[in-house]
Amino acid sequence: MMDQLYIIKRNGKREPFSADKIKNAISKAFLSVGSFATQEVLIDVMSRLKIRDGISVEEIQNQVEVALMAERYYEVAKSYILYRQRHYEDREVKEKLDFLINYCNASNAATGSKYDANANVEKKNIATLIGELPKSNFIRLNRRMLCDKIKDLYGKELADRYMYLLNHHFIYKNDETSIANYCASITMYPWLLAGTKSIGGNASAPTNLKSYCGGFVNMVFMVSSMLSGACATPEFLMYMDYFIRKEYGDDYYQNADKIVDLSLKQRSIDKVITDYFEQVVYSINQPTGARNFQSVFWNVAYYDRYYFESLFGEFRFPDATKPIWESLSWLQKRFMRWFNAERTRAVLTFPVETMALLSKDGDMMDTEYADFTAEMYAAGHSFFTYVSDNADSLSSCCRLRNEITDNGFSYTLGAGGVSTGSKSVLTININRCIQYEHKNNLPHLQFVGEVIDLMHKVQNAYNENLKYLQTKGMLPLFDAGYIAINRQYLTIGVNGLVEAAEYMGIPINDNERYQHFVEDILGLIEKYNHQYRTKELMFNCEMIPAENVGVKHAKWDREDGYVVPRDCYNSYFYRVEDESLNLIDKFRLHGSRYISHLTGGSALHANLEEHLSQSQYRQLLRVAAQEGCNYFTFNIPNTVCNDCGHIDKRYLHECPECHSKNVDYLTRVIGYMKRVSSFSQARQEEAKRRYYGTM
Amino acid sequence: MKYYNFDIVFQEIPDEVTLAVNITNCPHHCPGCHSPHLHNDIGMALDEQEIDKLLKQYGRQITCFCFMGGDANPQGVEQLAAYVRQKSRLKVAWYSGNAQLPQNFSKFDYVKVGPYQENKGGLKSHDTNQRLYRNLNGKPVDITSRFWK
């Protein structure tokens, strides 16, 4: 007796082979063209099929097509092929429908998102759903575009290798669900000169404080709709200061109490200014239609006096006047204090703020700004600090650090230093790569090197596609000079570094073995970054925040039998749940000995249970300068009462106002402050396990 | 004198970044003690050599060196406190479980006194019997209220 044959259905299940089902399908195809299949015809067609155990439904149907044509029933074959296509389309709709139902049932937007979960969406609704549905199509389209270009440049073999590494999770292409380039820090000079017409808007250049603040919001929305990630405006306050001075004089900050609004409101200069802060900040925190109901991702920067002089020393406004440090400094401080206070009234995620400080001999050069920075941390404000011993780099975003290639000034593009960003991020899963090497007895870092080399070629192909889009006029941000294509980085992301070291049995603390391990891997990436650098290609390397990639990598690696010590790969150089490391150790592990090759940066998130005093934060700024930790923030969860809405800067288990225990927390799980309940389930788990400092 | 471990702490001494050394063989055995493992005579020797090691590792980054306990050997604590002052610019603190300030109070910048009493709570409790004194020109100034903010 013959063994029973099994076929594999589309859903992966096995089912006994049935010749009748095939005969039925063929008969229907004959009937659809007004013909009839006799038993004899059916046997002729069937006899051409080669059915073996484990054959897939698709494969059988492919054979039926060929068999019909071989028997010269061309009309029937055509009908059969069209029938299959219709069913394929139906299945795709069915999948989308299933997704829609699952999304509606998910606990929050980030958990419901199948691709590229992002907590920057407060609540799920019809608008966020509309954003989710085409994501899988974007992924397919992006892969196809990239693979076609890789084939053009390097041949089919490399394109296939890319897909293999991608599908086997050795590498991860970030932001595949959008077709726009990633993030940018823009110069607003072209806008100051010509308004938004050059990027497709209809606004003329701002001429006063009112048109500046109103126009700024629109401009940021427009720029953000042409980027998949963040939009940084490092000159926001400097330009605002310019327009305030034009309206109220260069010494406005010395007369901030002066009543200048002659309406019944009788507002002072200070009130006028903070009302504009309110208008800009609240407008930008609104969900945006063009970004799938996410708010735009907006970043601003503050500078100490030395940074300011280095970045804007040569700067001239279109009327040839120079920016003035004293009034800008007042405005920076005013904005920061206002924003800190405003955050007790509403959950305001943006802007993500970075304070840029220059360091020298183990402390900050501008002690006034160092004291102010410590004061703001002690006042419970949450922001990033960027420290450099040279104004040759700037952090424009909540994560990315960028070398400044040109600190010059031009009357068409403004300050060269502020225009930068990352075009595209491609991430290597170090944990899987290292374990793969080990399992296959490959020399240490041989395979890793091969992967990194390929990643640079892929990034180059991405860049070629971007250049093509630019030649077709699709990238007005580049054409109008808001950003420059050759000053934007192609970023090599790193994930699973700590987990790979753990696999190798290396203790995750400040020790030589760990330092060398980190140096070897990041140094290798830097070597390739240099090797592939050309006039129009610049690469940097970043420890990615891994908002959802860290969770995905851990899940995929575990499924494939790799050693996975936690459910979400770290975004730090230490284990996030490690209680044996003190705060100074963490600064050290994010210090120069570990991060020197990390040209694109990584931020230390110092998680603390309680706020420190100003003098303690001031000392920690010295620690950062001494250790060479160039990017950090202090993260103390803020408490939001779900019942009365009270927001408290402290980490509390009970609302101090209404004593409800129904509280949520605002924290930086990655770059920006959000309710913990808005993060995906997996991320909420990670947040729970976090160790909030020793007290 | 031996110590169990150390940590970088922020709450124990206000405004300082403190390296706190947990000294073992504690004689007090307060009911409700949070660190009963420190009752036993265990851990590594805490001597000048060990202090040199800790100062080399953290001396530049901290502002204060705190001896947590050591009441079984007050002279030993005072000697090591003097050694820390001699070798560094750091302030020196002592978390003692004794009820009285030490005779050589001037050797310290901060001293906490008072055994832990469960019903009165630690320094954060308004009812606490414990006190933190700061040495201001040789005079002890009670700064316990800093914990009640």
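Mentor: An angle between helix axes counts as roughly parallel under 35 degrees, roughly antiparallel over 145, roughly perpendicular from 65 to 115, and oblique otherwise. This is a predicted model, in which local features need pLDDT of at least 70, side-chain atom pairs count only at pLDDT 80 or more, and totals for chains, interfaces and linings use all residues. Residues are numbered from 1 along each chain as its sequence is written, chains are lettered from A and ligands numbered from 1 in the order written, and side-chain values use heavy atoms, without hydrogens and water.

Trainee: Why are helix 15 and helix 24 of chain A called oblique to each other?

Mentor: The axes of helix 15 (residues 367-378) and helix 24 (residues 614-627) of chain A, lines fitted to C-alpha atoms over the stretch in contact with angles from 0 to 180 degrees between N-to-C directions, come within 8 Å and cross at roughly 125 degrees. The two helices, which are DSSP runs of H or I with at least four residues, are therefore oblique.

Trainee: What makes the contact between them?

Mentor: With contact meaning heavy atoms within 4.5 Å, helix 15 of chain A contributes residues including A:Thr367, A:Asp371 and A:Tyr377, while helix 24 of chain A contributes A:Gln614, A:Tyr617, A:Arg618 and A:Leu621.

Trainee: Which residues lie nearest the centre of the largest cavity?

Mentor: They are A:Asn142, A:Lys173, A:Ser178, A:Ile179 and A:Tyr462, among 20 lining residues. Helix 17 (446-471) of chain A is one of the elements supplying at least two lining residues, and helix 17 of chain A gives the most, with four.

Key
On a 1 Å grid over the protein atoms alone, a cavity is a set of points where a 1.4 Å probe fits but cannot get out, and a pocket is an open set with protein on both sides within 12 Å along at least five of seven lines; lining residues have an atom within 4 Å of a point.
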